[in-house]
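These are my notebook entries on a single protein chain. I looked up its cores, a helix, its charged pairs and its aromatic rings in turn.

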Amino acid sequence: MQQHSAFDRYSRQVFINEIGVEGQQKIMAAKVLVIGAGGLGSPVLQYLAAAGVGHLGIVDFDHVEIHNLNRQIIHNEKSVHLQKVKSAAVYIRELNSSIQVDSIATKITSKNVDVTLAGYDIVVDGSDNFTTRYLVNDACVRSNKVLVYGSILAFEGQMAVFNYMGSKQLRDLFPEPPHPKDVPSCDQYGVLGPLPGIMGSMMAMQVLKIITDLPVDSDKLTLVDTYHWRFTTLSF
């Protein structure tokens with residue numbers, strides 16, 4: 001296999017004045033945990049691995065199913081029935097063999113959330129249920145970790161950065177999780193494949209900006225409506 005230097009690989013990032021060699025070194029030293037290797041996690045992991053984030057953790061207890069493939073683009077037909085974390089790790093290692101990958105095949109619970117998040121600088125929540133979202137948020141608050149949050153449904157998505165340099169957290173926006181019966185899901189209403197690609201790319205961009213100390217909007221919720229093509233930012 002032909003060997004390339006880090007500069008060769010990441011030169012188009014290094015050429016950006018706001019990134020440079022120092023910023024790329026920060027990216028390569030960063031430790032990021034991604035909760036969920038599904039619709040949102042797929043583009044997040046793609047772009048963080050491509051950018052050279054040195055240490056990626058992936059948490060997911062699920063297996064790849066054929067109906068995942070319209071949007072969970074790090075998986076393929078050969079991945080069906082495999083654990084998502086294993087399929088995701090294969091994708092990342094084939095894309096960028098220099099990255100350390102932790103495959104954590106577990107369901108986040110109140111008993112394991114703190115130890116699961118330990119050792120990472122930034123947490124990305126691409127989970128698909130409110131129980132996990134609030135467990136992860138509360139653990140990030142306890143350990144003072146930055147949380148990049150996203151959610152999707154049909155044509156619409158949300159994104160925010162929580163707990164960043166003293167900024168607000170999920171409970172400041174939504175104090176309590178809704179009742180499960182009141183929550184629509186992708187299983188009921190579906191999701192159009194490019195939507196998680198858009199939202200996950202935005203989340204990955206925020207992660208890279210946090211790592212490289214670039215300006216990050218906090219105490220803001222970005223709403224994306226791809227049906228009407230509306231992008232709205234709300235302060236909270």
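The entries below record what I looked up, one topic at a time.

**Entry 1: the model**

I note at the outset that this is a predicted model.

**Entry 2: the nonpolar cores**

I began with the interior. In soluble globular proteins, nonpolar side chains tend to be buried together. I therefore asked how many residues the largest nonpolar core has. It has 40 residues, and those with the most contacts inside it are Val32, Leu45, Leu48, Val53, Leu56 and Ile211.

I then looked up which elements supply this core. At least two residues come from each of strand S1 (31–35), H3, S2, H4, strand S4 (122–125), S5, S6 and helix H9 (194–211). The element that gives the most is H9, with eight residues.

I chose Leu48 for a separate check. Setting aside neighbours within four places in sequence, I found Leu48 in contact with Val32, Val34, Val53, Leu56, Ala204, Val207 and Leu208. Another core, of 20 residues, lies apart from the largest one. Among its residues I noted Ile35, Leu117, Tyr120 and Leu147.

**Entry 3: helix H4**

I turned next to the length of helix H4, which covers residues 84–95. At 1.5 Å a residue, its twelve residues should span 16 Å. The end C-alpha atoms are 16 Å apart, which agrees with the expected span.

Which residues of H4 are buried? I recorded Lys84, Val85, Ser87, Ala88, Ala89 and Ile92. The buried residues of H4 pack against helix H3 (41–51), strand S2 (55–59) and strand S3 (100–104).

Lys84 drew my attention, because its relative accessible area is 5%, under the 20% that marks a buried residue. I found that its side chain meets that of Asp62 in a salt bridge, at 3.9 Å from N to O. Lys84 lies in helix H4 and Asp62 in the loop between S2 and H4, so this pair ties together parts that are 22 residues apart in sequence. Asp62 is partly exposed, with a relative accessible area of 29%.

**Entry 4: further salt bridges**

Side chains of opposite charge can pair when their charged atoms come close. I noted that the structure holds six salt bridges.

One of them joins Asp213 and Lys26, whose closest N and O atoms are 2.6 Å apart. Asp213 is in the loop between H9 and S7, whereas Lys26 is in helix H2 (residues 20–29), so the pair ties together parts 187 residues apart in sequence. Asp213 is exposed, with a relative accessible area of 53%, and Lys26 counts as partly exposed at 30% relative accessibility. I also recorded that a network of salt bridges links Glu22, Lys26 and Asp213.

Another salt bridge is formed by Arg171 and Asp138, with the closest N and O atoms 2.8 Å apart. Arg171 belongs to helix H7 (residues 170–173) and Asp138 to helix H6 (residues 130–143), 33 residues apart. Arg171 counts as partly exposed, at 25% relative accessibility.

**Entry 5: aromatic rings**

I counted six aromatic pairs. Phe155 and Tyr227 form one that is edge-to-face, with 5.1 Å centre to centre and 70° between the planes. Where do these two residues lie? Phe155 is in the loop between strand S5 (146–153) and strand S6 (156–162), and Tyr227 is in the loop between strand S7 (220–225) and strand S8 (230–235), 72 residues apart. Phe155 is partly exposed, with a relative accessible area of 33%, while Tyr227 counts as exposed at 58% relative accessibility.

Trp229 and Phe231 also form an edge-to-face pair, at 5.4 Å centre to centre and with 80° between the planes. Here Trp229 counts as exposed at 54% relative accessibility, and Phe231 is partly exposed at 46%.

I found a cluster as well, in which ring pairs link Tyr149, Phe162 and Phe236. Lastly for the rings, I noted that Arg133 lies over the face of Phe130, 4.6 Å from the ring centre.

**Entry 6: Thr222**

My final look-up was Thr222, which is found in strand S7. Is Thr222 buried or exposed? With a relative accessible area of 14%, Thr222 is buried. Leaving aside neighbours within four places in sequence, I listed its contacts as Gly157, Gln158, Met159, Met202, Thr232 and Thr233.

Key:
Residues numbered from 1 in each chain as written. Heavy atoms only, no water. Phe/Tyr/Trp six-rings, centres within 6.5 Å; stacked < 30°, edge-to-face > 60°. Helix = DSSP H or I, 4+ residues; strand = E, 2+ residues; numbered from the N terminus. Buried < 20%, exposed > 50% of the residue type's maximum accessible area, 1.4 Å probe, protein only. Lys NZ or Arg CZ within 6 Å of the ring centre and 35° of its normal. Expected span 1.5 Å × (residues − 1). Contact = heavy atoms within 4.5 Å. Core = buried A, V, L, I, M, F, W, Y, C linked by side-chain atoms within 4.5 Å. Salt bridge = Lys/Arg side-chain N within 4 Å of Asp/Glu carboxyl O.
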